[in-house]
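Here are some short exercises to work through with the model open beside you. Try each task yourself before reading its solution.

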Amino acid sequence: MYVVACIKQVPDTTQVQIDPVTNTLVRDGIPFIVNPYDTHALEESLRMKARYGFKAAALSMGPPNTEATLRKALALGVDEAILCSDRAFGGADTLSTSNVLAAAIRKLAQEDEVGIVFCGKQTIDGDTAQVGPGIAIRLGFSQLTLVDRIEHLDFLAKKIRVRRKLEGRYEIVEAKLPAMITVVRELNRPRYPTVPMRLKAAKAEVKVWDNKELQLDPNSVGLKGSPTWVSRIFSPQRAAGEIIGDGMGDPAGTARLLLEKLVASDMLAV
Amino acid sequence: MQPDPVIFTPLLAAAGLIFAWSCYRRFSLVGVGASEDRFSSLAERLQGMFLFAFLQKRVVSRPFGINHLFIFWSFLILAVANTEFLVAGVFPAAKLARILPAALYQPLVFVFDIVSLCALTAVVIALVRRAVAPPYEGARTGEAFGILSMIGTLMLAYFGLHAAEIALGAEEAAQAMPVSLALASLLAGQGPETLKSVAQVSWWLHAGVLLFFLNYLPYSKHMHILAAIPNCFFKGLDTPNTQPREEFVEGNVYGAGSIDRFTWKDLFDSFSCTECGRCEKSCPAASTGKPLNPRLVMHDIKVNLLANGGLLQRGGEPTVPVIGDAEGSIKPDALWSCTSCGACLAACPVFIEQMPKITKMRRHLVQMEADFPEELLNLFENMEQRSNPWGIAPGERGKWAGGREVRQFEAGTTEYLYFVGCAGSFDSRSKQVTLAMTRIMEAAGVSYGILGKEEKCCGDSLRRLGNEYLFDKMARENVAQFQEKGVTKVVTQCPHCFTTLKNDYRQYGLELEVIPHAEFIESLLAEGKLKLDHHAKKGGNIVFHDSCYLGRHNGVYEAPRAVIAQATGSAPAEMERNRENSFCCGAGGGRMWMEEHLGERINLNRVSEALEGNPGTICTTCPYCMTMMEDGLKDRSNGGTTVKDIAELVAEGLR
């Protein structure tokens, strides 16, 4: 049985700036990293491999340099690394990305059954949280999002019980396998590659699947298959702040002043 | 008085053979270690051995060292007497009294007599000291008392024998033996039979204890009697903090995860340790209740070697892990407690290298097991992705300059590369030191440039934490950049950058003239390039805190003190622990990036010491020390004392 981790190579957003003139991301010289949430997806797939003996595969879509990200996954211990890369896949939105990744998982399933697909809850560049669910829908997998704990896995009965971390509450749900699970950071602590594994990974094969292999309708992938497009990126302007009163000299008076302001601006109900 | 050689000869032969066999068995174990060249620079090695083993330079530098010096030299001198004693036991005709003329024999026995008294006195002092004020908790072992008692007994038996012989009138040189003669007067009045018995019992006691002692040595911590002198010969000649590089090719293993991954010298170290406890006393981790104790690291390595060495010699696999929880294994928590301050190295009288072994074991944990404290994952990722420990965007590196124009380094147009370092670039407090440095250099008209956005982390923390793989990658990048840009002279303000660029990068074929800011400022002052207003002394009296990486690891002690003296008009106050005995701030060895969950916080210990003299300012030369001292002051809620870097003191006084 396969356990698949979908990982994305993203620009290190702490280093990305927006060009104030063109309103586009300045990506020159910005290093790429593995989407942080995906590192937890990858870690969980490796834990499943260790615990249940599944085969772990890392899957990504992106330009050829995405290979570096998949090598990191190999260094951490995945058995297979697959890169979906084709000029035709370029410019994809979340819909056409999930088309490609779903097709790759289908192709992988021809070799062996795919039991679980792990994805990060979202990526730090697009922040849509749509690709994981998109894959689940296209494959007809159970969809378990925002998971912070695997409660129980019974792979003979093909059932999984997980805890979802929602706003202000947890939800424990059970679903049938195969399942697509998106994970939050609390799920686990990603491992670090050992040096022998890094060196081994440097020589290991990263399989590259283009559209000849995946045989998708050219209109369902890449820019053509993307109903969404980015018209403009900008940082919202923030109004300048205001210093109220003298907090050090007269804290009580300042607090009163602040309260009045908040009430007057309808920010506090009295 | 002489025993029958027929009885004694086989005894002596057996004792000698067993001793030789024991020594062979024990010392051959170091052969399971990896090879390492410790025979280069013979003259320097012999000089070191003379100074540190025979003159005991380091031994005498701490309390009761003189006492040890007496025992050591008594041992050497009495070795002549004991050899005669044993030889005469086999060949009674070979007694010195019969061979040597009186003019030589009499001074010789005089020396033996006096030295024996000295040894006895020193042993009594050592016994009392160990009983009353032991060097460390747990030092009152049966083994330690047993050994001292044996030496004492040897001396008493010596006097017993000679006093009885004198009383019997059998000693021609009695007048040359004042101590024995005095004791003989106590025996006056005893019958010859009694005196003969005293002599006989003393002789056998002396012989028995001597031969037992000889055979006990190889199995006790007193093996140092045999190993310590060669260990001083084999002492490391390079800076001990600069560990050998590792080669990253498939099939290699990294660090020391089993006893045979240490070098033979590492293993020999464990036989040289007599557990005096000086390392433990100076260790910031051990003295603040952490699980690390450098003395026990050596002890455990020895126990491990004894457990596994034989197996390995026969081609087997080790059974006791070198990193683990049992005796003979070193706890991971102990390994992660090390601040790499080098206090243990400076304290050890026989140059045992405790700290480098810790780094080797860390290398194993990080690189082979990927097993390290949680906090380090972020550090490693930040270093790999953003080349700084905080994970701040590399593009922000030049921003400390604010609006100031700072030139980029360019060979030919700028003389010095000012290597700001991560702290100086990103840490808001250290950025002020960076600005102070630029003010100083501008005022002195120094031709310097920076690397700005292109500057990368030197990788110091990675190397000390055992992530040699990443360090290697970063060192190569830095070295390539320095070579490409034609950098030859570098000024640093962080001792960690300093030591890494100067000592570690040399292993990569890069010979730089690296000048720590303390020395650089000192030379600017000496050349009269800086005009300081001595009377603008701010911040009250100043106490100076030595950085381990500037001080112990690189021997820079006086430059910062001289700079302070010139900047303020008076020498700084000293803490009790200063210079080579200085106490770490707690941040070295990558500890800067880890939580301190165990024991008392090291920085609080140091800050308390600094505050004893009620200083206005604690002066530092290192960004890590700065952080640790400031944090410590906050905790001690001492509002009046501030922390300043020497560059800030100087910049304040600029006219």
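**Exercise 1: One serine in its setting**

B:S430 has a relative accessibility of 2% in this predicted model, so it counts as buried.

Task: Find which helix holds B:S430, and which residues it contacts beyond its neighbours within four places in sequence.

Solution. Start with the helix: B:S430 belongs to α18 of chain B, which covers residues 428-444. Then look around the side chain and backbone. Once neighbours within four places in sequence are set aside, B:S430 is in contact with B:A423, B:G424, B:Q493 and B:P623. To finish, return to the accessibility: the cut-off for buried is under 20%, and the 2% of B:S430 makes it buried because it falls under that cut-off.

**Exercise 2: Chain B as a whole**

Task: Work out how many helices and strands chain B has, and what share of its residues is buried.

Solution. Counting elements along chain B gives 26 helices and eight strands. Of the 655 residues in chain B, 56% are buried. For the overall dimensions, the C-alpha trace of chain B spans about 100 × 60 × 45 Å along its principal axes. As a last step, take the contacts in chain B with a separation of 6 or more: 78% of them come from residues 24 or more positions apart.

**Exercise 3: An open sheet**

Task: Determine in what order the four strands of the open sheet in chain B lie, and which strands are at its edges.

Solution. Reading across the sheet, the order is β6-β5-β7-β8 of chain B, and the pairing is parallel. The edge strands are β6 (573-574) and β8 (642-645) of chain B, each of which pairs on one side only.

Now go through the pairs one by one:

- β5 (residues 542-544) of chain B pairs with β6(B) in the parallel sense over two bridges; B:F544 stands opposite B:E574 in β6(B).
- β5(B) and β7(B) are also parallel, with three bridges; here B:I542 has B:T617 in β7(B) as its bridge partner.
- β7(B) and β8(B) run parallel and are joined by four bridges; B:I618 faces B:V643 in β8(B).

Finally, check where the side chains of β7 point. In a regular strand the side chains alternate between the two faces of the sheet. In β7 (residues 617-620) of chain B, B:T617 and B:C619 point one way while B:I618 and B:T620 point the other, and all are buried.

**Exercise 4: Salt bridges, buried or partly exposed**

Task: For the pairs B:R295 with B:E275, and B:E396 with B:K399, decide whether the residues are buried or partly exposed.

Solution. Over all chains, the structure holds 56 salt bridges. One of them joins the side chains of B:R295 and B:E275, at 2.9 Å from N to O. B:R295 sits in helix α12 (residues 294-313) of chain B and B:E275 in the loop between α10 (264-272) and α11 (278-282) of chain B, so this pair ties together parts that are 20 residues apart in sequence. Both B:R295 and B:E275 are buried.

The side chains of B:E396 and B:K399 meet in a salt bridge of 3.1 Å, N to O. B:E396, at 28% relative accessibility, is partly exposed, and B:K399, at 49%, is partly exposed as well.

A further pair to look up is B:E468 with B:R463, whose closest N and O atoms are 2.8 Å apart; both B:E468 and B:R463 are buried. Salt bridges can also join up: B:E36, B:R38, B:K265, B:D266, B:D269, B:E353, B:K357 and B:K360 are linked in a network.

**Exercise 5: Where chain B meets chain A**

Task: Describe the interface of chain B and chain A by its contacts, its buried area and its salt bridges.

Solution. First, the contacts: 23 residues of chain B touch 18 residues of chain A. Next, the area: the two chains bury about 1,700 Å² between them, with 58% of it on carbon and sulfur atoms. Then the salt bridges: three cross the interface, including one between A:R198 and B:E384, with the closest N and O atoms 2.9 Å apart. Six residue pairs are in polar contact across the interface, both residues being at pLDDT 80 or more.

Now see which helices take part. α15 (354-369), α16 (375-386) and α20 (468-485) of chain B each supply at least two residues of the side that touches chain A. α16(B) gives the most, with six residues. By class, this side of chain B has 13 nonpolar, three polar and seven charged residues.

Definitions and conventions:
Residues are numbered from 1 along each chain as its sequence is written. Chains are lettered from A and ligands numbered from 1 in the order in which they are written. This is a predicted model: local features need pLDDT of at least 70, side-chain atom pairs count only at pLDDT 80 or more; totals for chains, interfaces and linings use all residues. Side-chain values use heavy atoms; hydrogens and water are left out. Buried means under 20% relative accessible area, exposed over 50%, partly exposed in between (1.4 Å probe, protein chains only). Contact means heavy atoms within 4.5 Å. Buried area is the accessible area (1.4 Å probe) that two parts lose on being put together, summed over both. A salt bridge is a side-chain nitrogen of Lys or Arg within 4 Å of a carboxyl oxygen of Asp or Glu. A polar contact is a pair of N or O atoms within 3.5 Å; within protein, one must be able to donate a hydrogen and the other to accept it, and residues adjacent in sequence count only if both atoms are side-chain atoms. Ala, Val, Leu, Ile, Met, Phe, Trp, Tyr, Cys and Pro count as nonpolar, Asp, Glu, Lys and Arg as charged, and the others, Gly among them, as polar. Two strands pair if DSSP finds at least two bridges between them.
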